[in-house]
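Reader: I'd like a close look at one part of this protein rather than a tour of everything. Could you pick a strand, tell me what it sits among, and work outwards from there?

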Amino acid sequence: MKDRALRCWAEVDGSALRHNLAVVRSRISEETKLVAVVKANAYGHGLIPVAKELVGGGADILGVSNVKEAAELRAAGVVATPILLLSACLPEEFTRAIECRALPTISTYEEAKRLDVAAQKAGVRAAAHFKIDTGMGRLGLWGAEAVKELKRAERLPAVEIEAVCTHFSSADEDPERTEEQWNELMRWRSHFADKKLHVANSAALWRKTVYACSFVRVGLALYGLPPMPFLRRLLRPVLSWKTRITLLRHLPAGRTVSYGAAYVLRKAQNLATLAVGYGDGYFRALSNRAQVLVRGSRCRVRGRVTMDQSIVDVSGVPGCKVGDEVVLLGSQGDQVIYAEELAKIAGTIGYEIVTAVGARVPRIYRNFHFLSQGEEAQRKRKAAEASRERAREARSASSEDSERSVKNRPIAARLTRQA
Ligand SMILES: Cc1ncc(COP(=O)(O)O)c(C=O)c1O
């Protein structure tokens with residue numbers, strides 16, 4: 001990292017994001033649409049750059065939590081890609097949802113009615129997705145009651161229920177329960193047989209291919225966080241989190257470190273103070289237990305993590321200096337710290353580790369292709385890439401048939417030029 005003035009920052013790697021997108025794509029058929037979940041600032045990775053990269057890379061729909069996030073995407077030039085709202089809308093939000101052409105997820109006739117009123121006022125028909133609860137217990141009604149509400153909602157003049165969905169509570173840890181939820185949904189399927197269906201998050205996608213249905217809603221895997229441990233080798237972490245040493249001191253045995261004097265030096269140590277604390281999202285629960293990477297070596301956090309600063313033991317790292325880059329999350333030399341490692345120590349999940357990386361931590365975007373491009377440019381680039389790929393495939397398939405190979409070349413060139 002060249003900018004020596006950066007104290008604490010996150011590097012977001014576009015090539016890892018595209019790699020994970022390709023891994024997800026390889027799990028689903030051409031007919032299944034990919035809802036790339038970018039809610040909560042794209043799980044802390046940065047809403048707009050990540051959304052643009054995913055759309056440019058072939059995501060069909062973006063999934064956000066609420067209309068505020070949808071409006072941010074529209075304002076940033078993501079104008080054509082459909083946006084699905086995954087959380088319930090407040091009554092006042094339906095009008096805004098229509099304005100930014102976002103698809104609400106609704107569970108009841110009452111919500112559908114509100115959407116209908118807003119749509120009629122705006123002089124449009126509004127599409128929505130209808131959620132059925134099968135065991136998540138967060139949105140949706142159960143079985144017969146849900147079907148009854150769905151049927152009423154379908155009769156509203158300005159609302160179109162485009163798809164029916166459910167959400168698994170435990171796809172990462174309980175395949176039997178997940179299958180029970182699926183069976184519960186299938187029990188009612190004949191009542192909405194004409195509707196598209198979506199149920200799968202990242203974990204479900206690797207449980208059973210049948211869960212992919214018409215759409216999959218994937219977040220975690222895109223960011224290179226494995227919902228199940230075996231996926232670690234397939235996915236690449238997208239976010240690295242770094243800070244610097246701001247001060248180095250040699251302290252004798254008996255001294256105490258940080259608030260509460262909770263850490264007492266049993267022997268003399270070289271301690272480095274780092275420019276990161278819980279104000280940046282480095283959880284206090286990591287106090288005394290987490291490790292960071294300094295010059296390729298693992299160094300333990302000593303004493304309590306404070307709001308802006310943390311202290312680590314660098315006694316085993318010769319030659320470290322003020323200003324040295326320290327890795328909190330990511331790799332250095334042959335060492336790597338995954339979000340799963342910090343999550344385990346802090347008693348949480350990888351989602352929370354990356355999503356909590358604070359607003360004051362600048363994100364540096366590397367290897368992003370679509371950062372400053374509008375969707376039209378992205379679409380053309382995608383078309384050009386697809387045609388190049390087709391041409392490459394055609395050339396290799398017909399390496400013995402030079403006539404066919406030649407026939408393919410001008411088409412690829414023409415499409416490339418158009419882009
Ligand atoms: C309704 C819904 N669908 C899909 C997802 C994406 O899940 P994951 O990040 O596990 O792929 C989420 C994320 O929390 C969600 O709330």
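Author: Let's take strand 2, where 4 of the 5 residues are buried, so the strand is largely enclosed by the rest of the structure. Bear in mind that this is a predicted model.

What does the enclosing? Start with the strands alongside. Strand 2 pairs with strand 11 in the parallel sense, over 4 bridges. If you want a spot to find that pairing on screen, look for Lys33, which stands opposite Phe215 of strand 11. Strand 2 is also joined to strand 3, residues 61-64, by 3 bridges, and these two run parallel. Here the pair to look for is Ala36 and Leu62, with Leu62 on the strand 3 side.

You can keep walking from there. Strand 3 pairs with strand 4 (residues 83-85), again in the parallel sense and over 3 bridges. Val64 has Leu85 of strand 4 as its bridge partner. The way across from strand 3 to strand 4 goes by helix 4, residues 67-75, and the three elements make a right-handed β-α-β unit.

Now for the helices. Helix 1 covers residues 14-27, and its 14 residues reach 20 Å from the first C-alpha to the last, close to the 20 Å expected at 1.5 Å a residue. Its buried residues are Gly14, Ala16, Leu17, Arg18, Asn20, Leu21 and Val24. Notice that Arg18 and Asn20 are on that list along with Leu17 and Leu21. What do the buried residues of helix 1 pack against? Strand 2 (33-37) is one of the elements, and so is its partner strand 11 (215-218); the others are strand 1 (8-13), helix 3 (47-57) and strand 21 (363-366).

Helix 3 deserves a stop of its own. This helix is mostly covered, with 10 of its 11 residues buried. Among them are Leu47, Pro49, Val50, Leu54 and Val55, but also Lys52 and Glu53. Right after helix 3 comes Gly58, with a positive phi near 120°.

Back to strand 2 for the part you may care about at the bench: the ligand. Val37, which belongs to the 33-37 stretch of strand 2, is one of the residues surrounding the ligand. The rest of that shell is Leu86, His167, Asn201, Ser202, Ala203, Arg217, Val218, Gly219, Leu220, Ala221 and Pro227. Two elements give two or more residues to the shell, namely helix 9 (202-207) and strand 11. So the strand 11 that pairs with strand 2 over 4 bridges turns up again around the ligand. By type, the shell residues split into 7 nonpolar, 4 polar and 1 charged.

For some context, the protein chain has 13 helices and 21 strands. Buried residues make up 42% of its 419 residues. Of the contacts with a separation of 6 or more, 65% are between residues 24 or more positions apart.

One example of such reach lies elsewhere in the chain, at Val257 in strand 13 (residues 256-257). Val257 has 21 other C-beta atoms within 10 Å, and because 20 or more counts as buried, Val257 is buried. Val257 and Gly303 are 46 residues apart in sequence, yet their C-alpha atoms are 5.3 Å apart. Beyond its neighbours within four places in sequence, Val257 is in contact with Gly303, and with Tyr263, Leu271, Arg302 and Ile311 as well.

Note on methods:
Residues are numbered from 1 along each chain as its sequence is written. This is a predicted model: local features need pLDDT of at least 70, side-chain atom pairs count only at pLDDT 80 or more; totals for chains, interfaces and linings use all residues. The expected span of a helix is 1.5 Å times one less than its number of residues. A residue is buried if 20 or more other C-beta atoms lie within 10 Å of its own, exposed if 12 or fewer, and partly exposed in between; C-beta atoms are placed from the backbone. Two residues are in contact if their C-beta atoms, placed from the backbone, lie within 7 Å. A residue is near a molecule or strand if its C-beta atom, placed from the backbone, lies within 6 Å of it. Ala, Val, Leu, Ile, Met, Phe, Trp, Tyr, Cys and Pro count as nonpolar, Asp, Glu, Lys and Arg as charged, and the others, Gly among them, as polar. Two strands pair if DSSP finds at least two bridges between them. A crossover is right-handed if, with the strands pointing away from the viewer, the path from the first strand over the helix to the second runs clockwise.
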